[in-house]
Every structure is written in structure tokens, then in C-alpha cells.
Amino acid sequence: MILLQTNEISKSFVTDLILSNISIEVKFGERVALVGRNGAGKSTLLKIIAGEMSADSGEVIMPKDRTMGYLPQNATLNSTRGIFDELLTVFRPLTEMEKKLRDMESRMSDPDRFADPADYDQLLKSYDILQAEFKSKGGYTYQAEIRSVLNGLNFGSFPENTPVSNLSGGQKTQLALGKILLIKPDLLILDEPTNHLDISTLTWLEGYLQRYQGSVLVVSHDRYFLDKVATKVYEVAGHTVHKYDGNYTHYIELRAAAYESAMKSYDKQQKEIARLADFVQKNIVRASTTKRAQSRRKQLEKINVMERPRGNEKAADFSFQIEKQSGRDVLSISDLSVGYPPEPPMFSGLNFHISRTERVALVGPNGIGKSTLLKSIAGGSTLLSGEVHLGSQVSIGYYDQEQTSLTNEKTVLNELWDDYPLHPENEMRNVLGGFLFSGDDVAKYVAQLSGGEKARLMLAKLMMRHDNLLILDEPTNHLDLDSKEVLEAALIDYPGTILFVSHDRYFINDIATRVLELSQDGITEYLGDYDYYLDKKSEQQQIAELDAQSAPTVKQENAPAAGKQQFLKDKEQKKKKRQLLRSVEEMEGKIEQLEKLIKEDEDSLLTPEVFNDTKKAKQVQSEIDQHKEQLSQFMEKWEADQLALEEFTD
């Protein structure tokens, strides 16, 4: 069942075309992602669908009996209620129904009612009907739902009467997200819902949306989130959209395959056009070949010239280098306390060490003090006591997520050039060009820049420093997916040392060689990337549960050890099963793609331009044979994995 359709939506701002003939559809139960670069028009499309903005042309179609809920970027709540009471407003019809039930119960307990049996019987029937309706609509679970959402969004430790007005901007956005989740519209439209969420909250939101019974239309730059949630992807680029079935990773694979295929067709047509044009040019003036040349020219004029395929749009291009190498010991933290006087320290007695070329991710819940810790290392502004010891030849480059190092009154060019006045202007322009500032962009004032543009400008300034220790506080915030991938590639190739905070789990997986988890108990170290960190956390939790279960049994001294051994064995089996499942899914995707290519090639053999051309027909048949050979290999692998999976099931 189709829940939402847009029919050829177009939108321009003054003379700038943003969207052109956009047609998408969302079926009931689908979780659809909109992806694309900053400025592509994703948020504009959501606003048009939600009725917050009008389109220049086209229409939005949705059944009248279905509901829609829209959460814009940086949504906020202006309320004097407590956080629980604010979410309780979602269930006003239930609270009104509950008041009626309490009133009925009061009347039912009145002895005078027994004097009129007919009236009392009617009251009982009305009560039963209302109570059944109250129960069916969640009357006995809505308060638990509110507390579940508050816990999931990290408000579990807040008193329920905490005024909404006392919350930070990010917390108000989180509460607005909680409110719309509780409304449970048929279509949930979310614009960057992962902003302001820490990793544990992101994980909770992913689970919530995976179980959501309605449909979801979401814009996000969080690739890990999109992999977990999305079942279909629309890419917004070049003022239009292209559909891809599957999650983000599958979209990337399909897009690459489609681009490669389109480029082959485009290049082939360009060669044919060049061949015909060359023949016409050489033969049009010769009497003996004029007719053939005229025929070729007519053939040339009839060609429907393809546009060059998308996929080669300019991307940011930069790298981080170092001026000099540091010593082996880069950073040592001893008995550190940080905070903002006169407030008490956020944490005390912190100790850890970082060696050369390590990439260390600092993770932990919002508000625990990750950014405060980075500030204490980078500049000492939040350092209360303890020691931050830098190793030999260490120089620090600091990326501040609050972007306080930028001056709003400066132009983009001057913001960079003022730091490096001895460099020629064309060099500064070339550097900025690598960060997608070209032409008149460099004359913009910093105050006019978007969050993504400011992030790229800060990265440009950081790149010019050539420091050997990068301290990065949420460097992927505001960056679109393409810019994130370029940043990752630059950091992977960086020859120095990195300490960073990020809530982008995909980014942590690609960059981190070690994870430090910051909590009220101090620092816990995990040697590996984000997935390894998750596995170890899960393993530790399950072992702790086994220990707790075994602790009361005094006589069975070997029970805990046996329990752990069995757990570790089960864990290894589950890991193998997950690997097999991933392999099966990968093979199924490749099989589907090959079968599609074979079908297209076989269909092309029936077209006159192929079967009348022996050379082309042989080339197509050769491709079919190659694809079938690959298909056979993938089928064998798929069958072997399926058999292995059946053994696990047995």
C-alpha cells in the first residue's frame, strides 16, 4: 500500500533551481532515506511534503485517513511544563478518558445508585465500553511508554518535573523527537534526527525505528544509522532523485555499478558520434562520397545524445601532512581533573597514554565531559589539576566543534590568509578550492556560511598547520556524506597521531585503532575499532550476568568457569553464524545484480542494432558467458553458506 507519493515536485529560490520534477513514493512500513550533498534540496523536499513550504509545481498525495508527523532540523520546544508533563500532552485523549472512568467509578460506588437498578446497570455497561476502549488505545501503558522514551533519549536521570525551559538547545531537540515518536503518526518524517544524540541514544533510536509500525522518511548523514534503519534510499542530486532499494551500503554498491554501466554506454556513444562526425568531415566535399556523408550526417542528427552520467561531481580534495615527526610517546595524562569553576570537577583522577601514529576514539554519553577533556589537553582552559605531558616534538592541531576559532566578520579568504600572510593569494585560493570554496565563495563572510561550509573552512585551517597530533572534537558534524568520506581518507593516510571525539560510528570504525570509554568511573580501554568495542562490552556484560547468577551457589565452585566457557563457545558460534548470514546476503545481492545484467544483455541480443552487427553480438554474448560463469561461482558459494547455516539451525 502506497502511503505517500510526490508527483513531479519542482522548487526554485529566485533564479536558483533546487528541485526539478521530483517523484518519490513511500509504502506502508517502509523506512526511506533521503541522501545527498549539503544544499541538494533534501530538507526543502521534506518541508514541501510536510506542508511547511509550497512547491512551484507538482503535488503531494497522501490518503486523507492517514497521519503525518514532521520533525525539522534543530526542532525545539518552548514550554513551561516539566519534561514528563510535556510528553503527557500527546496522550490528552487518554487522560480525558481516564478522568471519565474515575468519575464513573465514583458514581458506581455511591450507595444511592443502587436504588435504581436500571440506571446502575446502564452505568456499568457504559463503564465497560469505555474501559475496553481505554485499554485498546493503550490506556494502561502510556505512562510506561513515556518513561521508556525518556530513558532512551537520556532523560532517565532527570526529575520528571524538570522544566523544559531549563534544557539546552540540543536537549530540547531530543525531547521534541521523543514527543513525535510517542504520537506515532502513520508517516514519520525526520530531518537529521541523529544530531545531538550520543552513541547509546543513537542505538536506541535505531531499534525504535526498526520496530516502528508505520513508515519513516528520514534525512541523515549518519551512515551507520542508515545501514541499520533504511530499506530504500533516494539520492537527491542534480535537482532530481534516483531510487535504490536496500540500505546505505547497498545504495553505494548499486550507485557505483550503475555509474560504471552508464559511463560505458556514454563513452560508446561518444565514440560513435566522433566516428560519424569524422566521416562526414572527410567525405562531404568529395563527389564520390557525398551521398554517404549526407547519410551519416542524417544518422548523426537523429542520435539522442546522452548526458554525461552523474557521479563525477567535484568533491573535496585534501590531505593532512606533518612538518616533523614526534617522539614515540605523544601524550600522557596523569591524575587529571577537569571542569568549569566554580562548578565541581566533571571527573577526577584520569590517567591514559597515547603513542605515535595511534588513532584513539574517545566515547561516552553526552554531558560526561569528552569535549571538556579535549579542551584541557589542547589549551588547558578547563584543566583543574593533574598533568598533561606532551612528548618530544609534539605540536597540537585542535578542531573545536563549537567553531569558536572562526571570525564572523572576515571573508573566507581572509580567514585563512590572515593566518598565513606570507603565502601568495593564488595558493590560498587553491587550498580553499580543495575544500569546495571556488569563485565568489571565497568572498563570502564567515557569518554567511552554513554549518557544513564552516566545518570545511576549519579543516582547511587545520590542514595548513602540519601538526603531528590532531585533537578533533566532532569533526564530522555538519559534513555531508561525500565530505565525510574524503575526511576519513585524509585521516587514514595521515602520518601523525589522532585523538578524537565522534558520535559517527562508521567514522570511528574506519579511523580508530583504540577506543577509550569515558564514564563516571574513569577511562576504560578497548584495543580495536567501534565494532570490537561493542563486542567486548556485550561480552563483559554477559559474563558479569553469568557471574551474578552463579554467585549464590557456594557448593558449585566450578559453575562460573563452566558458564563462562560455554558463553565464549556460544559467542564464537554466533560470530560464525553472523559471518555466514552476511555472506549469504552479499551473495544474494551479487546474484540478483548478475541476473539483471544477463537479462539486459540477452534482451539486447534481440535488438536490430546488435543482432545485425556480428561484432557487437559476439561482444554481448561474451559478456553473457562471463556473467554466467560468475553467477555459477556465486551460486556455489551461496549454496555452501546455506548448508552451513542449516547446520547451525539443526
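Which residue in strand 9 is the bridge partner of leucine 34? In this predicted model, the partner turns out to be tyrosine 234. The two strands behind that pairing are strand 4, covering residues 31–35, and strand 9, covering residues 232–237, and they run in the parallel sense with four bridges between them.

Zooming out a little, strands 4 and 9 belong to an open sheet of six strands, ordered 6-7-8-4-9-10, and the pairing in this sheet is mixed. Strand 6 (68–71) and strand 10 (240–245) sit at the edges with a single partner strand each, so one side of each has no neighbour in the sheet. On average, neighbouring strands here are turned by 15° against each other, direction ignored. Helix 6 lies across strand 6 and strand 7 (187–191), and its direction makes an angle of about 170° with strand 6.

Helix 6 also shows up when it comes to empty space. The count gives one cavity of 30 Å³ or more, and the space inside the largest cavity is about 60 Å³. Helix 6 (residues 169–183) supplies three residues of the lining, the largest share. The residues around this cavity include Thr173, Gln174 and Leu177, along with Leu71, Pro72 and Asn74. Asp191, Glu192, Pro193, Asn195 and Leu197 are also part of the lining. Sorted by class, the lining has five nonpolar residues, four polar ones and two charged ones.

On the level of the whole chain, the domain assignment splits things into four pieces. Domain 1 is made of two stretches, 31–77 and 183–246, while domain 2 takes in 81–166. Domain 3 runs over 329–528, and domain 4 over 578–647. Taken over C-alpha atoms, the centres of domain 2 and domain 3 are 49 Å apart.

Further along the chain there is another open sheet, this one with three strands in the order 12-11-14 and antiparallel pairing. Strand 12 and strand 14 (383–390) are its edge strands, and each of them pairs on one side only. From one strand to the next, the twist averages 5°. Six bridges link strand 11 with strand 14, again in the antiparallel sense. Within this stretch, isoleucine 333 is found opposite valine 388 of strand 14. A helix goes with this sheet as well: helix 11, residues 370–378, lies across strand 11, strand 12 and strand 14, and runs at about 120° to strand 11.

Two backbone details deserve a quick mention. The peptide bond between proline 341 and proline 342 is cis, with omega at about 5°. Proline 342 is placed in the loop that connects strand 11 (329–338) and strand 12 (347–355), and those two strands both appear in the three-stranded sheet with the order 12-11-14. The other detail is at glutamate 8, where phi is positive, near 50°, in a residue other than glycine. Glutamate 8 is part of strand 1, which spans residues 2–13.

Methods:
Residues numbered from 1 in each chain as written. Predicted model: local features only at pLDDT ≥ 70, side-chain atom pairs only at ≥ 80, totals over all residues. Heavy atoms only, no water. Domains from an automatic or database assignment. 1 Å grid on protein atoms, 1.4 Å probe; cavity = no way out; pocket = protein on both sides within 12 Å on 5 of 7 lines; lining within 4 Å. Points joined across faces, edges and corners; volume = space filled by probe spheres on them. Nonpolar A, V, L, I, M, F, W, Y, C, P; charged D, E, K, R; others polar. Pairing = 2+ DSSP bridges. Axes fitted to C-alpha atoms, helices over the stretch in contact; angles between N-to-C directions. Contact = heavy atoms within 4.5 Å.
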